[in-house]
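Colleague: Let's walk through this one together. I'll ask, you reason from the coordinates.

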Amino acid sequence: MAANLHLEKVRTLTHGNAVYSVAFSTDGKQIATASLDNTVRLWNSQSGEQTGTLRGHGDGVAFVGYLADGRIVTASLDRTLKCWPADGGAASATFSGHQDYLSCAAVARTGTLLASGGFDKTVRLWDAQTNLAVAALTGHDANVQCVAIHGTGKLVASGGDDLSVRLWNVETKSLIKSLSGHSRTVEGLVFSPDDKHFASASGDGTVRIWTIAGDLVTTLESNSGRIKSVAYSPQGKLLATGGADGVIRVWDPATGTQLTNITAHKNTIYGVAFSPDGKRLASAGFDRTIHVWSVVE
């Protein structure tokens, strides 16, 4: 991995309140951003022009992502998830069930499985094809702050304020294993593109990389305090993290080496996302901005 990797800012996008999530569409042509201003904004990823606004949530939007078929999925503190057409039309489905704030969500890379977690201590699974609830998974002892879906759709990971990472079998709707090691809240989770590993980011300032069997491979030490967001590049060669210090760090997950870092936001970075070609990185901050970066090797 090139030691001279660096990030060059391409543009800045803005919201009316803190931005909690950012995602590229599957074709890379659109960026979606989710904010505490209760909206999701859609942007042309090349020009930066705003092309639409999704309205319908009754509270801040904590997550936005894209299904493989192009539909947009959002999750809100109003305890619901919604599906929207790719062109930004009216919501086509609403998923309800959480009994307290819905804090996080994830979208399967293939298929139509959705996962969400909340302050009701549950992980909930949904099917965006049938628009039905699949399961409510219980076992966390505190608020769930992050969820991730394995590429096969058969495995879900969750983490939260109880300091644990939990692995769930989707088919049997049961707990496989509970992992410990983080000393503060588990804030972010992501599976590697080859589906052999996953990374957990924590308020203890570390990112831990595990096998999908739950064996710890390596620990990345940021020395920065809370790490809130984490994302693999599409090829799996890079891992980006966003921290409470407003710094983006890019790592080689195979060696644990930090390749670059840049002060990107005034405070916490709540979301990081690579473009499908891996050439750009977007970061979303509590400072109401989204920065788009060129990944230069």
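**Strand 15 and its neighbours**

Modeller: Start with one pair: S158 stands opposite R166 in strand 16. Keep in mind that this is a predicted model.

Colleague: Over how many bridges do strand 15 and strand 16 pair, and in which sense, parallel or antiparallel?

Modeller: The pair S158 and R166 places strand 15 against strand 16. Strand 16 covers residues 165-169. The pairing runs over five bridges, and its sense is antiparallel.

Colleague: Which residue in the turn between strand 15 and strand 16 has a positive phi?

Modeller: The two strands form a hairpin. Four residues lie between them. The turn residue with a positive phi, about 75 degrees, is L163.

Colleague: Now strand 14. Which residue of strand 15 does A148 stand opposite?

Modeller: Strand 14 spans residues 144-149. Five bridges join strand 14 to strand 15, and the two run antiparallel. Opposite A148 stands A157.

Colleague: Which residue takes a positive phi in the hairpin of strand 14 and strand 15?

Modeller: This hairpin has five residues between its strands. One takes a phi near 75 degrees, and that residue is G153.

Colleague: How many residues of strand 15 are buried, and which point each way?

Modeller: In a regular strand the side chains alternate between the two faces of the sheet. Here L155, A157 and G159 point one way. V156, S158 and G160 point the other way. Both sets are buried, so the count for strand 15 is six of six.

Colleague: Which strands are the edge strands of the open sheet?

Modeller: Four strands form the sheet, in the order 14-15-16-17, with antiparallel pairing. An edge strand pairs on one side only. That leaves strand 14 and strand 17 (174-179).

Colleague: What is the average twist from one strand to the next in that sheet?

Modeller: The sheet is open, in the order 14-15-16-17. From one strand to the next, the twist averages 20 degrees.

Colleague: Which residue of strand 17 stands opposite L167?

Modeller: Strand 16 and strand 17 run antiparallel. Five bridges join them. Opposite L167 stands K177.

**Single residues**

Colleague: Turn to T74. Is T74 buried or exposed?

Modeller: T74 is found in strand 7, residues 72-76. Its relative accessible area is 0%. The cut-off for buried is under 20%, so T74 is buried.

Colleague: With which side chains does the side chain of T74 make a polar contact?

Modeller: Beyond four places in sequence, the contacts of T74 include V40, L54, V61, F63 and L81. H57 and W84 are also in that set. The polar contact to H57 is at 2.7 Å, and the one at 2.9 Å is to W84.

Colleague: What separates the C-alpha atoms of V134 and S103?

Modeller: V134 is in strand 13, residues 132-138. At a relative accessible area of 30%, V134 is partly exposed. Not counting residues up to four places away in sequence, V134 touches L125, W126, D127 and K173. S103 is 31 residues apart from V134 along the chain, and the C-alpha atoms are separated by 19 Å.

Colleague: How many disulfides are there?

Modeller: The sulfur atoms would have to be within 2.5 Å. For C83, the nearest cysteine sulfur is that of C104, 16 Å away. For C104, the nearest is that of C146, 6.2 Å away. The count of disulfides is zero.

Colleague: Are C83 and C104 buried or exposed?

Modeller: C83 has 0% relative accessibility. C104 has 6%. Under 20% counts as buried, so C83 and C104 are both buried.

Colleague: Where is N38, and what is its phi?

Modeller: N38 is in the loop between strand 3 (30-35) and strand 4 (40-44). N38 is partly exposed, at 24%. Its phi is positive in a residue other than glycine, near 75 degrees.

Colleague: And R288: in which loop is R288 found?

Modeller: R288 has a positive phi near 75 degrees. At 41% relative accessibility, R288 is partly exposed. Its loop lies between strand 27 (280-285) and strand 28 (289-296).

Key
Residues are numbered from 1 along each chain as its sequence is written. This is a predicted model: local features need pLDDT of at least 70, side-chain atom pairs count only at pLDDT 80 or more; totals for chains, interfaces and linings use all residues. Side-chain values use heavy atoms; hydrogens and water are left out. Buried means under 20% relative accessible area, exposed over 50%, partly exposed in between (1.4 Å probe, protein chains only). A polar contact is a pair of N or O atoms within 3.5 Å; within protein, one must be able to donate a hydrogen and the other to accept it, and residues adjacent in sequence count only if both atoms are side-chain atoms. Contact means heavy atoms within 4.5 Å. Two strands pair if DSSP finds at least two bridges between them. Axes are lines fitted to C-alpha atoms, for helices over the stretch in contact, and angles run from 0 to 180 degrees between N-to-C directions.
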